[in-house]
Amino acid sequence: MSFLARARTVARPGFSRWMVPPAALCIHLCIGQAYAFSVFNLPMTKLIGISKSAPDDWKLTELGWIFSIAIFFLGASAAVFGRWVEEGGPRRAMFTAGVCWAGGFVLSAIGVYVHQLWMIYLGYGVFGGIGLGLGYISPVSTLIKWFPDRPGMATGMAIMGFGGGAFIASPLSVWLMQRFSSPTHIGVAETFLCLGAIYLCFMWVGATIVRVPPDNWVPAGYKPPVAPQKLITKNDVYVYDALKTPQFWLIWWVLCLNVTAGIGVLGQASAMSQEMFPGKVTAVAAAGFVGLISLFNMGGRFFWASISDMIGRKNTYFCFFTLGPVLYILVPWTGSIGSVTLFVVCFAIILSMYGGGFSTVPAYLKDMFGTRYVGAIHGMLLTAWSAAGVLGPVLVNYIREYQIGNGVPKAQAYNTTMYIMAGLLVVGFICNACIKAVHHRFHMRPDHEAERAAAEVAAAGDPAGA
């Protein structure tokens, strides 16, 4: 498998750096399907009953854990394999991500066929989640190295694919289920198999295209800023030393709170829109709603990341934590007046900022900790996404169930959750305000990396001396 080695991915003279964003998009558009998983939730509550849920069918709260487990393993795998991705290069990571992601769909299809929910937890949740983590981080540090002049825009180009993946996957999934369904069967299993095959092909295309820049490469005409910029360091911080800084954990909470506020409603967007506007929003319209907000999720990743190159990462997050609470508080009001249009507008803006938080954070880390280990540090930071991937859906699903159990109409069952989400964003505002430049004691010396490498070899036992 020498084709996957990092040395085989070093760009030759004449290679255009603009070939790397399409390679990243091949990965992120595929794994972005995770944001469209909500279109399967209601159909999977009727696998036995077909027209309505039967006693032996799965509940919506049980199905909500599929998405949460996948997001948990996204962050966990990104943290565990961050250095492996950095050292082995993006091609090996992208190839592996494709195998895990497609394999998760296959195992989930079997789980649907035999009606075993634990197999879907294992397939889409665990194996798919690992594919999500590896695929998510593999192109990020590569893009930052190719675009030192515009790091926010570069990460925005890649990560917008993750937000836009649902724009393709949502209508495609609904269409496939319709093609495979019958009066006695819902075509979820066959849809999973088709999606797995399609995504494997595209992810391997991305792995073939991707390249890393040669050592000390810089774009033609690019000159690094001479004067120091506030909150932008010229020094590198070692990956494990970054964990010792308050900046890492403040950014961890900034991401976690921003994601928690968005991911819960995103994971149940289809069901929420139908329940808040009964009779007005059909299943097909709800799938369209998921696709539309996914488009804003995608566009926001590029828009806000590009804006951050001009106004700074900290100010960009201040925008998120100022506008977000206002919009979440407005959502229950849009339901009370029956305005589907205002509901969609609120969530379109919310999801643009949700996506923008993901695409801005790699550049935020680059500013704080330098470029050398930004990929591995980013992988560890994504544990915030894991935590949010559990917390957000749990808040939405279980508060909804509690409200309905106490006689609250389904159309109003999400109101309390929206107010809680607004409060979380206020806490995020405070965390972002506390972020300052990393203290110089954490900066690597020129010989620091060589010393660490020698120490690690000695600790592990040098095979050459055996």
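Helix α13 covers residues 283–311 of this predicted model. Its 29 residues reach 40 Å from the first C-alpha to the last, close to the 42 Å expected at 1.5 Å a residue. The helix is bent, by about 25° at G300. After α13 comes G312, with a positive phi near 95°.

Helix α15, residues 340–369, can be described in the same terms. It has 30 residues and reaches 44 Å between its first and last C-alpha, close to the expected 44 Å. The bend in α15 is about 30° and sits at T360, with a proline, P362, following within four residues. Most of α15 is covered, since 25 of its 30 residues are buried. Just after the helix, G370 takes a positive phi of about 85°.

The charged pairs come next. Side chains of opposite charge can pair when their charged atoms come close. How many salt bridges does a search of the whole structure find? The search finds eight.

One of them involves α15. D367 forms a salt bridge with R313, and the closest N and O atoms are 2.8 Å apart. Because D367 lies in helix α15 and R313 in helix α14 (residues 313–336), the pair ties together parts that are 54 residues apart in sequence. Both D367 and R313 are buried. The pair also belongs to a network, in which salt bridges that share partners join D309, R313, K366 and D367.

A salt bridge within a single helix is found in α4 (residues 82–88), where E87 and R83 both lie, four residues apart, about one turn of the helix. Their side chains meet at 2.9 Å, N to O. An α-helix has 3.6 residues a turn, so residues three or four places apart point the same way. E87 counts as exposed because its relative accessibility is 52%, where the cut-off for exposed is over 50%. R83, at 21%, counts as partly exposed.

D241 and K244 make another salt bridge, at 3.3 Å from N to O. Is each partner buried or exposed? D241 is buried, with a relative accessible area of 9%, whereas K244 is exposed, at 59%.

Helix α1 (residues 20–31) has 12 residues and spans 17 Å from its first C-alpha to its last, close to the expected 16 Å. Nine of the 12 residues of α1 are buried, so the helix is largely enclosed by the rest of the structure. The buried residues are V20, P21, A23, A24, C26, I27, H28, C30 and I31. They pack against α5, α6, α7 (140–146), α8 and α9.

One of these partners, helix α8, runs over residues 151–180 and contains S170. S170 counts as buried because its relative accessibility is 0%, and buried means under 20%. What does S170 touch, leaving aside residues up to four places away in sequence? Its contacts are A36, V39, A287, V290 and G291. Helix α13 spans residues 283–311, and A287, V290 and G291 are among the residues that S170 touches.

Helices α5 and α9 lead to the surface. V106, I110, Y113, V114 and L193 form a nonpolar patch there, with about 500 Å² of accessible area together. Helix α5 (residues 90–114) provides the largest share of the patch, four residues. L193 lies in helix α9 (residues 188–209). L193 is partly exposed, with a relative accessible area of 45%; that value fits its place in the patch, because patch residues have over 30% relative accessible area.

The loops that follow these helices hold backbone angles of interest. Most residues other than glycine have a negative phi. H115, in the loop between α5 and α6 (117–137), has a positive phi, near 55°. N216 lies in the loop between α9 and α10 (239–242), and its phi is also positive, near 65°. N216 is exposed, with a relative accessible area of 78%.

Definitions and conventions: Residues numbered from 1 in each chain as written. Predicted model: local features only at pLDDT ≥ 70, side-chain atom pairs only at ≥ 80, totals over all residues. Heavy atoms only, no water. Patch = residues over 30% accessible without salt bridge, like charges linked within 9 Å, V, L, I, M, F, W, Y side chains within 5 Å. Areas by Shrake-Rupley, 256 points an atom, 1.4 Å probe, with all protein chains shown as cover. Salt bridge = Lys/Arg side-chain N within 4 Å of Asp/Glu carboxyl O. Helix = DSSP H or I, 4+ residues; strand = E, 2+ residues; numbered from the N terminus. Buried < 20%, exposed > 50% of the residue type's maximum accessible area, 1.4 Å probe, protein only. Expected span 1.5 Å × (residues − 1). Bend = angle between axes of the 7 residues up to and from the residue. Contact = heavy atoms within 4.5 Å.
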